[in-house]
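Colleague: I'm new to this one, so could you walk me through it? I'd like to know what backs up each label you use.

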Amino acid sequence: MSDKGYFDRFGGRYVAEVLRQPLEDLERAFGEAREDPGFLAELEVLRRDFIGRPTPLLFAENATREIGGARIYVKMEGLAHTGAHKINNAVAQALLAKRMGKRRIIAETGAGQHGLATASACARLGLECVVYMGEVDVRRQQPNVAAMELYGARVVSVTAGSRTLKDAINEAMRDWASSFADTHYLIGSALGPAPFPDMVRTFQSVIGSETREQIAERGLSVEALVACVGGGSNAIGFFSPFIAEKGPRLIGAEAGGVGSGRGENAVRMTGTAASDGIIHGYKSRFLVTEDGQVAETRSISAGLDYPGIGPELAALGESGRIEFTSVRDGEALEALRFFARTEGIIFALESAHAGAAAIALARKTQRDRAVVVNMSGRGDKDIFITSPVFRPQEWKTFLRAELERLERGEEIHAFGGRS
Ligand SMILES: *Cc1c(COP(=O)(O)O)cnc(C)c1O
């Protein structure tokens, strides 16, 4: 990264004048904290006892046998507390904010996974937490909203624009512009104005560092690392310790959605639909409409449908160090089923995109080589999306019965709950 927060022509800090100082303060505090043994020791304890690190590297033996190519290994990031890699960044930024003397955290969330991780980290560290979430997302992601509230966070429903993630980010930025004296804005992916891309990558690189050690311990000959790419935090963290080296190949899987047409996917690096843009405070590749507005995207996985991509990934994609591929909804579902059946693990829908890309690559690769896929999250959270696909009739019957039961008022009084 250059001094100005650029990765080749991407990145930077395109914000209102009022946010320049807080971003500079954050950059300085982050620079000091990453060198401070006290901060690092505290983070290490949280990683071990709260997040549950290190996460295992599983040899997917049955999957490997069935595919008949390279040995497939799964980095089990989904075993981290709250079910995905997002907690790595949430805990570290919350700890940094506390060190800076902030008492309040704000965050944006789309599907709710980052909001959940942030709410949990704030509860643990004794910080007030406010999560901005588009009204549309609040409505369709109720289980995550309920969990955030249980952790003591306040979820603010955003009614501007398309009432989704991009509007939630705008609202969080607006809040921060008037609250930064006592508030930290905890961005959930490796994007946004500098120093966020650099900082989020640093905090997520624990995934790659552990993987590197686990590979060395087992003496694996690795052909490629494969990760899914939404904003890009799990991918850049996983790849980070390997980027400066010639190998292994680094492969990012984007959401191919339902097709290659405009609005049918969230492919920013391969197709032809994306262009350079400056949105949400940084310069990168974005899916935009003909008149320059942020485009609607489509994917079965809520974590991969952001219209932009982190600036470092955009730069490394153009330089060729990271290769990009895309995986459609149907292929991701197929991979999810495959790993569940062969290995007894359920990938998050996002991670299943990486799983599908890893299977395709393993098939074409020699048996003495290894393909390592990052399972960025586990799939429990997706039950409301996968069940209607895999078991539509049974699921409808179940939901109908649940609703009827609630309307009859059964069990609501348990534990002295609502009256
Ligand atoms: C949020 C999320 C993603 C996408 O975010 P990145 O910043 O691209 O990593 C991927 N997988 C899971 C499980 C997620 O929750």
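Modeller: The C-alpha centres of domain 1 and domain 2 lie 23 Å apart, with bounds that come from an automatic or database domain assignment. Those bounds are 6-49 + 86-197 for domain 1 and 52-82 + 204-383 for domain 2. This is a predicted model, where local features need pLDDT of at least 70, side-chain atom pairs count only at pLDDT 80 or more, and totals for chains, interfaces and linings use all residues. Residues are numbered from 1 along each chain as its sequence is written, and side-chain values use heavy atoms, without hydrogens and water.

Colleague: How many residues does each domain bring to the contact?

Modeller: Domain 1 gives 35 residues and domain 2 gives 32, with contact meaning heavy atoms within 4.5 Å. The two domains bury about 2,800 Å² between them, 60% of it on carbon and sulfur atoms; that is accessible area (1.4 Å probe) lost on being put together, summed over both parts.

Colleague: What makes Arg 9 and Asp 276 a salt bridge?

Modeller: The term asks for a side-chain nitrogen of Lys or Arg within 4 Å of a carboxyl oxygen of Asp or Glu. The closest N and O atoms of Arg 9 and Asp 276 are 2.7 Å apart, so the pair qualifies. Between domain 1 and domain 2 the count is two salt bridges.

Colleague: And the ligand: why is Lys 86 called a polar contact of it?

Modeller: A polar contact with the ligand is a pair of N or O atoms within 3.5 Å. An N or O atom in the Lys 86 side chain is 2.6 Å from a ligand oxygen, so Lys 86 passes. A polar backbone atom of Gly 230 is 2.7 Å from a ligand oxygen, and a side-chain N or O atom of Asn 234 is 2.8 Å from one.

Colleague: Which domains supply the shell around the ligand?

Modeller: Domain 1 and domain 2 each supply at least three residues.

Definitions and conventions:
Polar contact = N/O pair within 3.5 Å; in protein donor to acceptor, adjacent residues only side chain to side chain.
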